[in-house]
Amino acid sequence: MTSHIAQPVALPCGAVLPNRLAKAAMTEGLADAMNRATERHETLYRRWAEGGAGLLITGNVQVDRLHLERPGNIAIDGNGGLDALCRLAKAGTSAGNHLWMQINHPGRQTPSSVNPRPLAPSAIALAAQEAGCGEPQAMTEAQVEDVIARFVHAASVAQNCGFTGVQIHAAHGYLLSQFLSPLSNDRRDSWGGSLENRARILMEIVRGVRQAVGADFPISVKLNSADFQKGGFSDEESMQVVRWLGDEGIDLLEISGGNYEQMCMIGRTDDQMDRAKPLAESTRRREAYFLDYAARVRPLASMPLMITGGFRSRDAMEEGLRAGELDVVGLARPLCVDADICRKLLTGARDRAPSPEDELSIDRAALGPEVDDKTLRTTESWAQVAWSCMQLLRMGNGEDPDLRMSLLEALVGYDANEKAALAALCRS
Ligand SMILES: Cc1cc2nc3c(=O)[nH]c(=O)nc-3n(C[C@H](O)[C@H](O)[C@H](O)COP(=O)(O)O)c2cc1C
């Protein structure tokens, strides 16, 4: 029987991914106090490169040190560290796989401890208070142009340092996704209003990056299928943006969804916060959260499609690829538990990737009886992300993941790590 996951995929620019399994971006938090790559990145990415994925996408790398998604992010902002980036690129491609840098600006999703007044399309604060983000200020046109130039610069640096492609992060409620959504962008100038205006910054970045890196270097975009919020970036709007990205000649479109207010990227919408409500039958049957959208966007998408979120069984991956619904399967949380899972799926040694999220919950008693269901589920979602982050820190230290770690231990450990990283950042 043909294994679809093991087939190479040729991208429009001419590059070839050796197989169809990709490690999706996961923030590592391993940078030094100057937001430069470290040996711990090399250790982690060498381990993943040996783990069999055809494509590794880095955690989000920031274009501005004043706008970090967390203190331990790598940033490319005149802060040196190019040799360390080259070493990271070498380690992360050591098995002949691809390694792409994900480039980002978090905009209003910058923690207030990093920047109490982050730049954003408009001065509209996040509703999710628990995320601890700053009070956004609306960008001037010159600041918009500056951000475009920063993305283009970061892509050139990635190419010069030996990364084999770049991914522009336009999903999950970060700056480019904030521009796309009418809920966070109420600008009246040429960067807001119509969809064409809201998408302008993304399109200018893609165009600028292509000009800088040339025709044969892979460019990917990670885009939300929708924000899953009333009045937000809609499914139909997303499809139009996909058409435009096709016209720009991008090489791989990764589909995801959600933001800090709706954590659909890890399968949690408000509905799913209520454990009594099961996942929609179609999602359960088909496993991956965004496959229904993929089937609809497929006829419009001229570029290869990567779908990330929820894929765990080899059968579902093979079936999606066989049916032509997608070209690349994105996996994230399983690689925090088993760095070799892609190789095991490819050789048939395993027919399922681990799903730590199904095993990890918080006992209501730990938070107090007065805690309502929504708070409990929100805390659980953040704690699950913290748990995965803690495993990446361990792997960066050359240790194995600790599968016995509880969610509460993860929250405490994560908090201590972030505080230490922030203190180091403030001293630098
Ligand atoms: C610890 C952690 C860190 C993440 N960091 C990023 C990131 O830096 N950039 C990004 O686009 N997505 C990030 N994500 C989302 C993942 O790329 C992916 O979309 C999501 O986890 C769903 O895939 P999965 O079900 O295979 O885990 C992160 C997810 C986790 C769990």
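**Exercise 1.** Find which element gives the largest share of the lining of the largest pocket.

*Solution.* Start with the terms. On a 1 Å grid over the protein atoms alone, a pocket is an open set of points with protein on both sides within 12 Å along at least five of seven lines, and lining residues have an atom within 4 Å of a point. Helices (H or I, at least four residues) and strands (E, at least two) are DSSP runs, numbered from the N terminus. Now the result: α16 gives the largest share, 10 residues. The model is predicted, and totals for linings use all residues, while local features need pLDDT of at least 70 and side-chain atom pairs count only at pLDDT 80 or more. Residues are numbered from 1 along each chain as its sequence is written, and side-chain values use heavy atoms, without hydrogens and water.

**Exercise 2.** Describe the largest pocket.

*Solution.* Take its volume, the space filled by probe spheres set on the grid points, which are joined across faces, edges and corners. This is about 1,300 Å³. Next, its centre: of 50 lining residues, Glu 69, Tyr 260, Trp 382, Val 385 and Tyr 414 are the closest to it.

**Exercise 3.** Place the ligand and list polar side-chain partners.

*Solution.* First, the ligand sits in the largest pocket (more than half of its atoms lie within 2 Å of the pocket's grid points). Second, a ligand nitrogen is 2.8 Å from a side-chain N or O atom of Gln 102. Third, a ligand oxygen is 3.0 Å from a side-chain N or O atom of His 169. Last, a polar side-chain atom of Arg 312 lies 2.9 Å from a ligand oxygen.

How values were computed:
Polar contact = N/O pair within 3.5 Å; in protein donor to acceptor, adjacent residues only side chain to side chain. 1 Å grid on protein atoms, 1.4 Å probe; cavity = no way out; pocket = protein on both sides within 12 Å on 5 of 7 lines; lining within 4 Å.
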